[in-house]
Amino acid sequence: MATPHDTISYSRPASTHLNSPLYTDEKQGAIAGIAGNNSSGTGSLEDTKDRKDFEGQIAGDDGEKKIGWYRKYHGGHIIRAVLWWIASLCLHRHDKNWVIPFLLWLSIFIRIVTYYVPARLVMIPLRFVWKYSAVRIMKMVPEKMRIPAAAFLVFAIYMVGSFASAEHPQNTRADRAISCLGLLIFIFVLWATSHKRSAIKWHTVIVGMLTQFIIALFVLRTGVGYDVFNFISLLPRSLLSFAKSGVAFLTNQTVAQQGMFFFSVLPAIVFFVSLVQLLYYYRILHWFVEKFAVFFFWSMKVSGAEAVVAAASPFIGMGESAMLIKPFVPHLTMAEIHQVMCSGFATIAGSVLVAYLGMNISPQALISSCVMSIPASLAVSKLRYPETEESLTAGNVTIPHDDTETSANGLHAFANGTWLGLKIAAMILGTQMCIIAFIALIDGLLTWWGNYLNIDHFTLEMILGYLLYPVSFLLGVSRTGDDIYRVAQLIGIKLVANEFVAYTALQNDAAYALLTDRSRLIATYALCGFANLGSLGIQIGVLQQVAPGRGGDVSRLAVSALLSGALSTLTSASVAGMVLQDPGSLLPSNV
């Protein structure tokens, strides 16, 4: 387990790139500066400040770990976990789900065991099986045929997973076929507009699309997947009720129970951000990000910086995820900058996720969309802007510790998080107020102009609804009524304003009240991303602040990354349209 003085580094030989580096002298200097203190050359950054990690270990100036409170009571933790698991099965074997307690116990047990037994020993039999099964099969296929064969295999998995199951009134095979066609068209558009089609690494694209589909199948087609993601969604939903206790202290119980945005959503955001900063200080969040990053680094063959940002974006947001690789940002390749921005645009952050759950939006759809966005953003970005340079982190996954914002202790981190949460809540409050007012201004001008042409209700929503009608159709939206037009309007509002305004309209506007369950759920997936004009400015501002010398490159790639992030989110909506079984089961009961 990494401490604040270590970095997780999974190395592989850097791949051979098509072109030589554009700035070799600068990059060689960066390699020497960043990896100078690391004999293995994996790019680790070390500090000498004493600090505890979440396992209670203390890394001193000599770099040695001393036994802390966590390791000291490992045996007690195992016994308590086993007793709790047995008691839960005995007392609630009929009325409660057994999957979640078992997985929680298994996680605690494996984590503690692997603290003493290196994980590489556990991986030896898995590597043996992999080497003499999958690798042998791959070598039997001629090298020139491997990518086409893999693509055909993934296509077959898509077809079987989409069309083998029985039909549902709101999920016919015709609906699935349209969603599948839409996904193929999105991929074709990305390929046709690629920066350099000959440099596309199809392994990354194929594995990304396959992983996205498997996640969707796991959540939307299996009972275990539904239970797991439902349990995960309960955690942020519980934050809403916990935040109400704080609101009740400041006001009263009656105000705390009201559904007003100011009293229900914003306090939950402040509380969530402060909690995230606490988890960040004890490196619990680092651990999850590192594991996600290592998996995608290994499976999709992307650089370490790209894997870290893609894995972190659904947890902490687009600006904060880029800060995880702050020392490397000035030396990222053009493709990596594109990927960093695309990952931020393709998903939403945990802080606003809590807000959307407070608006009674399907929690399983939101959370599964966030997870699906990780492989999707990597695949889409590498299809639109493939790597043609030599990456500084091509052979390792590294999350350096940033000593510039270190908190003194957990209480200090929680207080800093509260202040950060207040700033984020204030930004959301002001942004939503101004954007909604600005859209009302545009609608007023368009309506006034349309009255002289005898065009009734000539608004921005109407224009966007017609422009994006083909996109909505290709997602597989229900063809009954005017669902395609209405979902197209929502997608347009999300792109021009933001997803907050679009979700508010979806939940509260009478024009969208008659959407079918299928259309409403596909819209939920299609809106789940930060790809909008406002976020474009935020993304450019953050990266320019971190790396002022790369401001021109960031600006040149920003629009492409924005469109790629939007398409990444739309591919998740298409995949959801292909595998949905009973859309109504994923929607809150009062929708």
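Modeller: A charge sits over a ring if NZ of Lys or CZ of Arg is within 6 Å of the ring centre and within 35 degrees of the ring normal. The model we are reading is predicted.

Biologist: Which charged end, then, sits over the ring of Trp191?

Modeller: The charged end belongs to Arg197, and it lies over the Trp191 ring at 4.9 Å from the ring's centre.

Biologist: For two rings, how many aromatic pairs does the count come to?

Modeller: The count is 13 aromatic pairs. In one of them, Phe128 and Tyr132, the ring centres are 4.7 Å apart and the planes stand at 45 degrees, so this pair is tilted. Phe128 counts as exposed at 51% relative accessibility, whereas Tyr132, with a relative accessible area of 40%, is partly exposed.

Biologist: What kind of aromatic pair do Phe218 and Phe229 form?

Modeller: Planes over 60 degrees apart count as edge-to-face, and the planes of Phe218 and Phe229 make an angle of 70 degrees, with 6.4 Å from centre to centre, which is an edge-to-face pair. Because Phe218 lies in helix H9 and Phe229 in helix H10 (residues 223-250), the pair ties together parts that are 11 residues apart in sequence. Phe218 is partly exposed, at 35% relative accessibility, while Phe229 is buried, at 8%. Elsewhere, Tyr356, Phe500 and Tyr503 form one aromatic cluster.

Biologist: Is Gln212 buried or exposed, and which residues does Gln212 touch?

Modeller: A residue is buried when its relative accessible area is under 20%, and the value of 0% for Gln212 therefore makes it buried. Gln212 is found in helix H9, which covers residues 202-221. Leaving aside residues up to four places away in sequence, Gln212 touches Tyr158, Met372, Pro375, Ala376, Ser568, Thr571, Ser572 and Val575.

Biologist: Why is helix H15 described as largely enclosed by the rest of the structure?

Modeller: The reasoning rests on a count: 12 of the 13 residues of H15 are buried, so the helix is largely enclosed by the rest of the structure. The buried residues include Glu306, Ser313 and Pro314. H15 runs over residues 304-316 and reaches 18 Å from its first C-alpha to its last, close to the 18 Å expected at 1.5 Å a residue. Gly317, which follows H15, has a positive phi, near 100 degrees.

Biologist: And what does the secondary structure of the protein chain come to?

Modeller: The chain has 27 helices and 2 strands, and buried residues make up 51% of its 591 residues. Among contacts with a separation of 6 or more, 79% come from residues 24 or more positions apart. The accessible surface comes to about 27,500 Å², of which carbon and sulfur atoms hold 67%.

Notes. Residues numbered from 1 in each chain as written. Predicted model: local features only at pLDDT ≥ 70, side-chain atom pairs only at ≥ 80, totals over all residues. Heavy atoms only, no water. Helix = DSSP H or I, 4+ residues; strand = E, 2+ residues; numbered from the N terminus. Buried < 20%, exposed > 50% of the residue type's maximum accessible area, 1.4 Å probe, protein only. Contact = heavy atoms within 4.5 Å. Areas by Shrake-Rupley, 256 points an atom, 1.4 Å probe, with all protein chains shown as cover. Expected span 1.5 Å × (residues − 1). Phe/Tyr/Trp six-rings, centres within 6.5 Å; stacked < 30°, edge-to-face > 60°.
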